[in-house]
Structure formats: structure tokens, C-alpha cells
Amino acid sequence: MDTTVSDTKSSIDRRALAAVFVRLGAFAALGIILLYFAIYARGFTSSFNLQNVVEQSVILTILAYGMTVVFIGTGTDVQKGGIDLAVAANAGLSGAVFVTLLNLGWPEPLAVLAAIFTGMAMGFLNGLAVVVFRMIPLLATLAVMNIASGLELTITENNVIGVSSEFLSTLQFGRFLGISALAWVLIVFTIFVAFLMHYSPFGVRLYAVGGFPEAARAAGLNVGRNIYFSYIFSGFCAGFTSILIVSRLSASTLGTGLLLLPVLAAALLGTVFSRRFVPTIGGTLIASLFVGFLANGFQLLGVSSYWVSGVQGALILLVVALTSFAKKSEGA
Amino acid sequence: MSDIAIDMRGISKQFGPVKALENVDLQVRKGSVHGIVGANGAGKSTIIKILAGIYRLSDGEVEIDGKPIDTITPASIEKEGVHFIHQDRLLVPTATASEAVFLNNEPRVGPFLNARRMKREAVELIKKHFQVEIDPDTLVRDLSAAQQKIVQISRALANKAKVLVLDEPTAALVAAEVTSLFGVLRALRDDNIAIVFISHYMQEIMDICDDVTILRNGENAGNVVPAESSIEEIVALMVNRDTSEMYPRRTAEIGEPVLQLENGTRVGHFENVDVEVHKGEVLGLTGLLGSGDKQLLKCMFGLDQFDAGTFTLNGNRRQFGSPAEAVKAGLAMIPEDRRAHGVAVDLSVSDNISIASINSHSNNGYVDTKSEANMVNGLIAELGVKTPDRFLPVRNLSGGNQQKVVVAKWLSCESSVYLLDDPTVAVDVGAKVEIYNLINRLAGEGKGIIFVSSDLEETVEMCDRILVMYRGRIVGKYQRGEIDSDQLLAVASGASTDIREVP
């Protein structure tokens with residue numbers, strides 16, 4: 001028996017060591033890349049640029065929170081578990097609804113609620129497809145993504161629709177205590193989601209549902225309801241973000257769906273920054289800012305923006321390969 | 001308030017047309033450890049899953065602590081204080097130990113999780129009941145099997161469990177851990193908690209249980225008090241068969257040789273092996289893992305090739321390049337790995353059985369459904385396959401019955417020699433006897449049978465002659481009655497080389 005005991009112990013040690021190595025490696029890579037940009041990319045460290053990057057990253061980060069909550073509640077195995085491919089297209093649709101209603105003369109609060117409701121409705125559709133119709137999330141949310149972008153095209157007739165209002169320009173240009181309104185939105189939203197996921201009993205249960213649904217069910221949790229919540233919350237994030245997008249551009253434009261790749265990259269990369277290699281709000285925040293700085297640094301270095309998309313794709317491949325490799329060695 | 005914690009009466013459960021439980025009663029007293037035993041497929045796990053709300057019962061009544069319960073769901077049964085310690089350690093691997101203990105019952109301050117109290121209470125709870133310390137921040141996946149079991153039971157205790165149901169709790173534990181688990185269970189019993197204990201290990205049932213309910217074929221087979229009973233009595237109730245009748249007698253007449261192998265050699269597996277099987281004879285072939293016995297069967301059946309030797313079947317020298325040729329020449333093989341070469345679960349019982357012999361039931365390309373049906377129904381009756389009719393998809397059968405279908409499939413081809421590779425491995429006692437009867441029937445029809453088995457007692461009891469292989473050579477030849485299973489083990493393991501030639 002002695003040998004088996006020491007065997008399990010040493011394998012745990014090895015795994016713990018590998019985990020520490022990967023996490024330190026991730027932080028080191030992050031540091032090196034930022035340092036490189038600081039030295040070689042002119043203007044990278046200027047306070048204007050740093051604020052600019054954070055503001056640009058707000059949209060990405062909140063969408064990535066939606067994706068993160070879906071990962072938490074429906075399983076971190078992207079290939080079998082949950083994913084919300086519709087989140088970015090959903091934000092586009094919600095934005096189109098928002099702008100159209102404002103131009104029809106709806107009061108702002110109502111239009112905001114309608115946009116958020118649109119996002120949540122699409123999230124509900126995702127949940128329905130996954131929970132009731134038992135579709136694999138990859139396919140279900142891909143279909144909903146197409147529905148969302150199709151509806152967006154129908155509403156906007158493929159046009160950029162401009163809009164302006166006092167509320168939107170406050171959101172865009174307002175400052176408080178020297179920090180821009182957008183950055184405040186990010187701070188408040190982050191505290192809210194972090195509380196919900198990491199400091200409430202609800203979060204513990206959502207992690208349990210995603211971690212091992214059978215065990216959660218045996219513990220008396222309603223697994224289906226938690227999965228519904230994940231997708232509807234992701235839809236809420238999409239609807240909420242659509243207002244920020246509209247305020248930033250003073251218009252609803254097509255192409256929000258292109259945010260999917262960086263959002264996915266950020267949410268996946270975020271798992272590397274957590275102790276248990278699970279999606280966390282803190283990890284996703286670091287990863288989204290990193291993705292934002294990466295794009296910004298490349299821009300300042302004069303690297304073609306086409307490369308950015310390639311690098312994000314490579315990041316996704318790397319992180320997914322790394323985590324599924326880690327899982328395999330765990331099983332052995 | 002009543003003395004009975006769990007009262008299940010007249011419980012029946014059907015899966016499609018298959019009856020898994022019929023009119024089963026189960027009464028568990030407060031402050032007692034109640035064992036449930038039964039062979040595979042007797043209905044132990046079904047009744048537990050009904051109590052856990054995983055299956056809906058088809059008929060019957062359930063009372064918990066004297067209170068009738070209409071519909072059971074996993075969430076509602078926990079509210080009644082009934083907690084399940086599942087065999088497969090249903091825990092979230094990425095949760096910490098303290099999160100797992102308090103899942104769905106987390107201590108909080110206002111809307112916040114009180115993580116500090118949660119950790120402290122988890123440590124205290126575990127220490128109080130188990131006298132061990134577990135770091136509350138350790139992830140569940142990094143805990144040992146025994147520690148995970150402790151976390152599972154602690155979760156039930158944190159939820160103020162009145163009834164604990166343990167399904168095979170000792171499966172992954174070593175002896176010392178079992179002893180300390182039993183100490184914990186006795187302490188809980190003295191706190192008036194009712195404990196339901198399911199185990200395959202009879203000695204554990206005798207040691208820990210105050211009452212035992214025995215299930216057989218989905219029905220009550222009796223209740224006994226271990227203190228006033230014996231393992232033999234309980235086992236007899238489980239199988240309802242005197243163990244001396246396990247091996248039915250055979251009256252087959254042994255005729256002329258039907259299969260002969262001289263100097264059979266497969267480099268690296270066996271060399272210079274002589275085998276002769278007569279009509280109506282059961283030849284046992286046994287040896288430890290890697291002795292070459294299984295490879296020998298493969299070479300005969302065309303799954304592998306002899307390097308040297310003379311192989312004769314029905315008087316003709318043969319060398320089969322593939323199993324298809326072997327089947328055509330009159331060989332049949334029941335492979336050991338039924339999962340890989342097993343059943344097509346979505347096809348009917350009938351299709352699965354007749355798939356290997358469909359050509360003998362067809363005229364000019366048309367299937368003669370009448371003759372197919374006769375053959376299939378005959379085999380279903382003979383093997384005792386528990387199915388309402390032959391059109392049921394094999395998926396709806398229990399594991400043991402699926403295995404019978406695989407056996408029936410190969411028996412449906414009319415062959416002259418049957419090669420059986422461990423046909424009773426992982427089959428319950430009842431199904432074993434049916435397979436023995438079948439072997440006897442084949443012998444009675446004048447078939448030759450080579451019976452490879454890792455069960456030495458079965459080999460001794462069932463075979464007319466026994467060949468023992470050791471490191472690729474035949475090291476012992478015995479007639480029925482010349483050797484018992486202990487001596488056989490000594491020869492097979494190379495401890496004894498008492499070779500006796502058959503006269």
C-alpha cells in the first residue's frame with residue numbers, strides 16, 4: 001500500500017508543479033509582451049493610450065464575462081460543454097433594436113430595457129435549445145448566432161443607423177473622479193459579476209453544475225435552471241454591451257459579430273490565470289485587457305491588423321490544446 | 001413519529017415491458033443498519049434509485065418517518081432527510097472540500113457566502129465524526145478515495161441527515177479504512193440515524209448490519225437478522241439454489257475425435273501443443289494469464305495463424321485464414337470480450353441472435369421468417385433470456401441478459417466444435433447455471449467443446465478432461481475427478497509439475 005500512496009502523492013505533486021508552471025508562465029508571458037510593447041511601441045505607456053485601451057476593452061470584457069458565466073455553468077470543456085457563440089451577434093441585434101426604438105421616439109430608459117430584454121430573449125433561446133432540445137451548445141448557439149445576425153440585418157436593412165442623445169454622450173464622454181464613464185461601468189459591472197460568481201452561494205452552485213452535472217443533480221440542484229441562467233445572463237451581457245457599443249459609435253453598425261473571436265479568446269485565456277484552471281471573473285478581466293493591449297501594441301508597432309485576428313485564433317488553439325492536454329494527463 | 005424511518009410497500013418498476021421490481025417491501029428501522037443484498041440484476045440499484053427519485057416507481061407506496069411521499073425527486077428526498085452516498089463518489093472534482101461538504105447548504109452573511117465559517121465548520125464536522133483533518137481548500141479531485149467518501153458522508157451530516165443510504169461504500173477502500181468507516185456508521189446508528197447499506201461483500205454485511213433484506217429477480221426473497229443467521233443461509237436465499245446443484249450433471253456419450261491438433265506451435269505464445277476433442281466431450285483448457293490458452297483458441301478459429309503443427313477438423317486437415325472460413329467449416333467461438341464483439345443494442349433480440357446464422361434460415365435470398373422465429377424462440381427459452389418477446393431492442397435488457405443474447409447468437413450456428421472463451425466471466429450465478437446447462441445440451445448433441453475458463457472450480461466441475469497450460473506448454477492432463485481446484489491452481493501456477501498422461 002505504501003507504494004500506491006506515495007505514487008498518488010507524487011502524481012499530485014507533479015500536477016501541482018505543472019499547474020504552477022503554466023500559471024507563472026502565463027503571467028510571465030503577459031509581462032514580457034507588455035514590457036516589449038512598453039519599450040518598442042511608441043506611446044504605449046502614455047496615460048492617454050492606457051485609458052484608451054481600457055475603454056476599448058470594456059465592450060470586449062463584458063461580453064467575455066457573459067461567455068465566462070456560460071463556461072462556469074455549463075462545463076469548461078469547450079468541445080463538449082457549454083459555449084455561447086451567439087453572444088457577439090446578440091449584442092449587434094440588441095444594438096439595432098436599441099437604435100431603432102430611439103429613432104422611433106421611445107424614451108431612453110424604455111429603449112435600454114428593450115435592448116437588454118432582446119439580449120436576454122436570445123439567451124433564453126440558447127437555453128431552450130440546449131436544455132429542452134438537448135442540442136450540443138456549439139451547434140445550438142451557432143444557429144442562434146445566425147438568427148440574431150439575420151434579424152439584425154432585417155431591422156437595419158444593412159445600414160449604419162446613427163443616433164444621438166444626451167445620455168449616450170454622457171456615457172461616451174462623461175468623467176467622474178478623473179475616470180471615464182465607460183471605465184466606471186466596467187468597474188461596477190466587474191464587482192457585480194465577481195460577487196455573484198465568487199462570493200455568493202449561487203456562484204458555488206453554478207460552478208458545481210458546470211463542474212459535474214450528475215453530482216450537482218444528486219445534491220438536489222436544478223441543473224437545467226442553472227444552465228438557463230447561464231445563457232440568459234450571457235444574453236443580458238450582450239444587451240447591456242450593445243448600449244455601450246452604440247454610445248461609442250453614436251450608431252448601430254454591422255460587424256459586431258466579429259467580436260466573437262476576441263471574446264472567445266479572452267474567456268478561454270482567462271482560465272489560465274486561475275488557481276484551479278477554471279473560468280473566473282478575475283482571470284477573464286486580465287485576459288480581456290491582455291487581448292486589448294495586444295491589439296493596441298500591434299497597432300502602435302505598425303503591424304497589420306490582419307495579424308491580430310490570426311494571433312487571437314492561435315491563442316484559442318493554444319489554450320484549448322493546453323487544457324485538454326492537461327485533462328487527458330489527469331485521466332491517466 | 002414512528003420507529004420506521006423508511007417504509008416502502010409493494011414497490012414495482014417496469015422498464016418498457018421488462019419488470020425490474022415486483023411488489024418489493026423494504027422497512028428500515030431508525031437507529032439500525034439495514035443491508036440490502038442480491039445477485040447482479042436482483043433489483044438492488046433499482047430500488048435505491050426509486051428512493052433517490054432518479055426513477056419513478058410504477059406502483060407502490062413510500063413513507064418516510066411515517067409521512068407518505070407522493071412524488072420523489074432528488075431535491076425533495078433530501079428535504080426529508082434522506083441522503084445518498086453514491087458508489088461512484090458523485091462529487092464536483094473542481095470544488096474544494098469545504099464547498100463539497102456545504103453544496104446547496106452554504107452558510108451565508110446576508111447575500112454573501114460566509115467562506116470562513118464554511119471552511120471552519122467543514123473541518124470541525126469532519127474532525128468530530130471521523131477524527132481526521134482535511135484541508136478545506138483541497139480540491140476534491142486531489143483527495144484520496146477514502147477522503148472523498150468522508151466528504152460525501154459529511155455533506156449528508158451537514159444537512160442533518162436522518163437516513164443515510166450507502167451504495168457499495170467500501171469498494172475503493174483498504175481494510176483499515178473499512179474498519180474506521182464501520183466505527184463511524186455504528187456511532188451514527190447510536191445517534192438514531194437509519195443506515196441503508198448495500199454491499200457485495202457478505203462478511204461486511206454480517207459485520208455491520210442489524211437487518212438484511214434479500215432481493216432475487218426483482219422480488220423479496222426474505223429478511224434475516226445476521227446475528228441469528230449465516231453467510232451460507234443468505235447466499236442460499238440470494239440464488240435460491242443449493243450450491244451443489246450449481247453444476248448440472250451431464251450424461252453425454254463421448255464418441256470419436258472431431259478436432260485434433262498435433263505439435264501446434266505459435267512462436268512466442270505456445271509450442272508443441274497436442275489437443276484432441278471428441279464428440280460429446282467437454283475439454284477444459286486452463287492456465288494463468290499469458291499461458292497461451294487463449295492464443296491457442298485464436299489460432300484454431302483463424303484469428304491468428306499456427307506457425308507449425310497439424311490441425312484436423314472432422315477428419316480434414318485445415319488451416320483457417322479467417323474466422324469466416326472457420327465458421328463455414330463448423331467451428332464456433334464465443335469470445336471473451338463481449339463488449340467489443342458483443343450485441344448491437346438497437347437491434348432486436350431476434351436480429352442479434354440470428355445474425356450469425358441467417359443463411360441457414362433463408363431460401364433463394366429470402367429469409368424464412370418462420371424457421372428463424374422457431375430457432376430464436378427456442379434459444380430464448382433455453383437460455384432463459386428475460387424478455388417479453390423477441391422483438392424487443394437489446395438495449396432494454398439487463399446486462400446479464402444481453403450477455404445471454406451474445407451466447408445465443410453463436411449457438412444459433414449449427415457447428416461441430418464450440419470454442420468457449422470464459423463464457424461465464426462477469427455473469428451472475430443464475431445465468432451461469434443456464435450456460436452450464438447449455439454446454440451439457442451441446443455435448444448431448446454430440447458436439448465437441450473446448451472450454452477455456454479462468455474459474456478453476458468451474459473447470460474442475462464441468463470438464464471431462466482438463467489440459468493445464470503453463471508458459472506455452474501443456475504441463476498437466478487430467479481426467480474428471482483426478483484433480484481438485486486447489487491442485488489445479490498449483491499446476492497452473494507452475495508450483496507443481498505433476499504431469500499425468502491420459503491412458
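Me: Among the elements of chain A, which has the lowest mean pLDDT and which the highest?
Reply: This is a predicted model, where local features need pLDDT (the predictor's confidence in each residue, from 0 to 100) of at least 70, side-chain atom pairs count only at pLDDT 80 or more, and totals for chains, interfaces and linings use all residues. Residues are numbered from 1 along each chain as its sequence is written, and chains are lettered from A and ligands numbered from 1 in the order in which they are written. Elements are DSSP runs, helices (H or I) of at least four residues and strands (E) of at least two, numbered from the N terminus. Among those of chain A, the lowest mean pLDDT (68) belongs to helix α1 (residues 2-40) of chain A and the highest (90) to helix α4 (residues 108-132) of chain A.

Me: Over which residues of chain A does pLDDT stay under 50?
Reply: Chain A has a mean pLDDT of 81, with 90% of its residues at 70 or more. Where pLDDT is low, the predicted coordinates should not be read in detail. The stretch under 50 has 2 contacts (C-beta atoms, placed from the backbone, within 7 Å) beyond four places in sequence, and covers residues 1-9 of chain A.

Me: How many residues of helix α11 of chain A are buried?
Reply: A residue is buried if 20 or more other C-beta atoms lie within 10 Å of its own, exposed if 12 or fewer, and partly exposed in between, with C-beta atoms placed from the backbone. Of the 332 residues of chain A, 45% count as buried. The buried residues of α11(A) include Pro262(A), Val263(A) and Gly270(A). Helix α11 (residues 260-270) of chain A is largely enclosed by the rest of the structure, because its buried residues number 9 of the 11.

Me: Which helix supplies the largest share of the side of chain A that touches chain B?
Reply: In the contact between the chains, 23 residues of chain A meet 23 residues of chain B. At least two residues of this side come from each of α1, α8 (201-211) and α9 (213-218) of chain A. The largest share, 6 residues, comes from α8(A).

Me: Which strands stand at the edges of the open sheet of 6 strands in chain B?
Reply: Two strands pair if DSSP finds at least two bridges between them. The order in this sheet is β18-β21-β22-β15-β23-β24 (chain B), with mixed pairing. Each edge strand has a single partner, so one side of it is left without a neighbour in the sheet; the two are β18 (331-334) and β24 (473-479) of chain B.

Me: Which residue of β21(B) is the bridge partner of Ala332(B)?
Reply: On β18(B), Leu331(B) and Met333(B) on one side and Ala332(B) and Ile334(B) on the other are all buried, which leaves both faces covered. β18(B) pairs over 4 bridges, in the parallel sense, with strand β21 (residues 417-421) of chain B. There the partner of Ala332(B) is Tyr418(B).

Me: Which residue stands opposite Val165(B) in β10(B)?
Reply: Strand β9 (residues 163-167) of chain B is mostly covered, with 5 of its 5 residues buried. Strand β6 (residues 82-85) of chain B runs parallel to β9(B), joined by 4 bridges. Strand β10 (residues 194-198) of chain B also runs parallel to β9(B), joined by 5 bridges. In β10(B), the residue opposite Val165(B) is Val196(B).
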